[in-house]
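Please keep the sequence and the three-dimensional view side by side while reading. The paragraphs below move from the interior to a pair of helices and then to two loop residues.

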Amino acid sequence: MKQYLEHAISLAKMVEGQTGINPPVGAVVVKDGRIIGLGAHLKKGDKHAEIQAIDMAGNDNVKGATLYVSLEPCSHDGATPPCAQRIIDTGIQKVVYAARDITLAATGHEMMVNAGIDVHYEPHLFAEKLYAPFFTSKTQTMPIVTVKVSASIDGKQATDYHESQWITSKAVKADVFKLRHMNDAIITGNGTLTVDNPSLTVRTEDGRHPARVILSHSGNINWDATLFHDKVAPVYVYTDNSAVVSPLEHVQVVQLPDTDIDTILHDLYTKGFGRVLVEAGPKLTSQFLASHYISTFILYLAPKIIGGQGKHQFFQTDWVAPLDQLNTFEIVHSEMIDTDMKLHMKRK
């Protein structure tokens, strides 16, 4: 029934942002009109949602049951055995799923059908939207990238004299903490580290602190900055300066041939970071907004006009693109947060 598939998708949505490079998945086992098992993939390397749900129901109870799952069960060996084989072994009679896993050569659907299971693909628009960034990320071996900007209504992240605290309200800060919680790592530039000395933590109850990633071409790092000493989450410094050495044991310097964002994103993906949030100044923010790597753009606008020469306008380029070649975003959600406007946009 449709309601059980909706439950599975809701479970997947609940764990979005905490599964690393793996997709968030929810599963529900139903027998004789009753839910007997629930599951969600809680973190990379842990049991998949289908296995969690089967274990909760118990192997003796799932024979003849129906499994509803948000994403097509996997058919390959990875950090965990294939879910499709476990489903076959337990004697589940029917499987209904909401989104196909287009990244797999061999499908769990076919594997289960060949084993005599009644398998149904029931396309669900929300599930397709939920997994679209994951499919792109896995194909490109790049994290899902969100860019966050807090600015005045005329697009300034700071005044021409670097004053930026606080353009938006305290309520926006609380919303940003939730956004950080949904990501594996936060990327910022050495300029922001030097001027603002941010902690980039999640100051909410039971919040998950993402890793902090500092990009520095010069390697001229202020090692006294707060985030190097709080030890609440890992810190990585990316640089192409081979002379940079971390004076702190818990801070890792990653030296790459170049500090282009595609090189850095690929390296972060190989380290298991599936979702990254960019919180940076105009230079780095503009690089990401002009790239094809960005998936989501979160813009907080304060009803203030800063003016000046626009030294800290959040989007700046050395070129002017024709109107028919601009990066375009679709506003998928908007809301008022205190006196500020939040725009949630997806790249078209």
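A residue is called exposed when its relative accessible area is over 50%, buried when that area is under 20%, and partly exposed in between. The model is a predicted one, and these classes serve for the interior as well as for the loops discussed at the end.

The interior comes first. The largest nonpolar core is made up of 38 residues, and Val29, Ile87, Val95 and Tyr131 are those with the most contacts inside it. Two or more residues of this core come from each of helix H1 (2-14), strand S1 (26-31), helix H2 (49-57), strand S3 (66-69), helix H3 (83-90), strand S4 (94-97) and helix H5 (125-140). Among these elements H1 gives the most, contributing six residues.

What surrounds Val95, once its neighbours within four places in sequence are left aside? Val95 is then in contact with Leu67, Val69, Pro73 and Ile87, and also with Met112, Ile117, Asp118, Val119 and His120. Separate from the core described above, there is a second core of 33 residues, which includes Val213, Leu215, Tyr236 and Tyr293.

The next step is to look at how two of the helices pack. Two packed helices are described by the angle between their axes and by the distance between those axes. For H1 and H5, the axes come within 10 Å and cross at roughly 25°. Since angles under 35 degrees count as roughly parallel, H1 and H5 are therefore roughly parallel to each other. The crossing in which H1 passes H5 is left-handed. On the H1 side, Ile9, Ala12 and Lys13 take part, and they meet Phe126, Ala127, Leu130 and Tyr131 of H5. Sorted by class, this contact of H1 with H5 holds six nonpolar residues, one charged residue and no polar ones.

Finally, the backbone deserves attention in two loops. Most residues other than glycine have a negative phi. Asn197, although not a glycine, has a positive phi of about 50°, and it is found in the loop between helix H7 (190-196) and strand S8 (211-215). Because its relative accessibility is 35%, Asn197 counts as partly exposed.

Lys231 is likewise not a glycine and has a positive phi, of about 60°; Lys231 lies in the loop between S8 and strand S9 (235-239). Is Lys231 buried or exposed? With a relative accessible area of 63%, Lys231 is exposed, because the cut-off for that class is over 50%.

Technical notes
Residues numbered from 1 in each chain as written. Predicted model: local features only at pLDDT ≥ 70, side-chain atom pairs only at ≥ 80, totals over all residues. Heavy atoms only, no water. Core = buried A, V, L, I, M, F, W, Y, C linked by side-chain atoms within 4.5 Å. Buried < 20%, exposed > 50% of the residue type's maximum accessible area, 1.4 Å probe, protein only. Helix = DSSP H or I, 4+ residues; strand = E, 2+ residues; numbered from the N terminus. Contact = heavy atoms within 4.5 Å. Axes fitted to C-alpha atoms, helices over the stretch in contact; angles between N-to-C directions. Parallel < 35°, antiparallel > 145°, perpendicular 65-115°, else oblique. Left-handed = near helix turned anticlockwise from the far one by under 90°. Nonpolar A, V, L, I, M, F, W, Y, C, P; charged D, E, K, R; others polar.
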